[in-house]
Amino acid sequence: GYDWEAVTQQLLRDRAPELEGRFGLDPEGSMFCAYSEDREALQALGARLAALFHDKKALEKLVATVDPDFWD
């Protein structure tokens, strides 16, 4: 969960700044959680994360750039 939070924070910074502040993140050790009343923002985040999950090269590139402060 915490690793996906770090990936999400970097994704927002680099590729989706328009989504920043539109939802909250509340991961646990083995669970990633994003919440909001803004359904559109959650759907956009879900689509971006799903695309990354299915494109291992893109995910590896993003993970390599994650700000060290984002890792738990």
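By the rule that a salt bridge is a side-chain nitrogen of Lys or Arg within 4 Å of a carboxyl oxygen of Asp or Glu, the count for this structure comes to 4 salt bridges. The model is a predicted one, in which local features need pLDDT of at least 70 and side-chain atom pairs count only at pLDDT 80 or more, while totals for chains, interfaces and linings use all residues. Residues are numbered from 1 along each chain as its sequence is written, and side-chain values use heavy atoms, with hydrogens and water left out.

Among these salt bridges are the pairs in the table.

| Acidic partner | Basic partner | Closest N to O |
|---|---|---|
| E18 | R48 | 3.2 Å |
| D38 | R22 | 2.8 Å |
| E40 | R22 | 3.5 Å |

E18 forms its salt bridge with R48, and because E18 lies in the loop between α1 and β1 (24–25) whereas R48 lies in helix α2, the pair ties together parts that are 30 residues apart in sequence. Helices and strands here are DSSP runs, helices being H or I with at least four residues and strands being E with at least two, numbered from the N terminus. E18 counts as partly exposed at 44% relative accessibility, and R48 counts as partly exposed at 31%; in these terms buried means under 20% relative accessible area, exposed means over 50%, and partly exposed is in between, with a 1.4 Å probe and protein chains only.

The side chains of D38 and R22 also meet in a salt bridge, a pair that links distant parts of the chain, with D38 in the loop between β2 (34–35) and α2 and R22 in the loop between α1 and β1, 16 residues apart. D38 is partly exposed, with a relative accessible area of 25%, and R22 is partly exposed as well, at 27%. E40 forms a salt bridge with R22, and since E40 lies in helix α2 and R22 in the loop between α1 and β1, the pair ties together parts that are 18 residues apart in sequence. E40 is exposed, with a relative accessible area of 58%, and salt bridges that share partners join R22, D38 and E40 into one network.

Another acidic residue, E5, is in helix α1. E5 is buried yet has no salt bridge, and the nearest side chain of opposite charge, R13, is 12 Å away; for charge, Lys and Arg count as positive and Asp and Glu as negative, while His and the chain ends are not counted. Not counting residues up to four places away in sequence, E5 touches L25, P27 and F32, where contact means heavy atoms within 4.5 Å.

The helix packing can be described next. The axes of helix α1 (residues 2–15) and helix α2 (residues 39–53) come within 11 Å and cross at roughly 110 degrees, and α1 and α2 are therefore roughly perpendicular to each other. W4, V7, T8, L11 and R15 in α1 meet L45, R48, L49, L52 and F53 in α2, and the residues of this contact divide into 7 nonpolar, 1 polar and 2 charged. Helix α1 also packs with helix α3 (residues 56–65) at an angle of about 90 degrees, with their axes 9 Å apart, which makes α1 roughly perpendicular to α3. Axes are lines fitted to C-alpha atoms, for helices over the stretch in contact, and angles run from 0 to 180 degrees between N-to-C directions; those of 65 to 115 degrees count as roughly perpendicular, under 35 as roughly parallel, over 145 as roughly antiparallel and the rest as oblique.

Terms used: Ala, Val, Leu, Ile, Met, Phe, Trp, Tyr, Cys and Pro count as nonpolar, Asp, Glu, Lys and Arg as charged, and the others, Gly among them, as polar.
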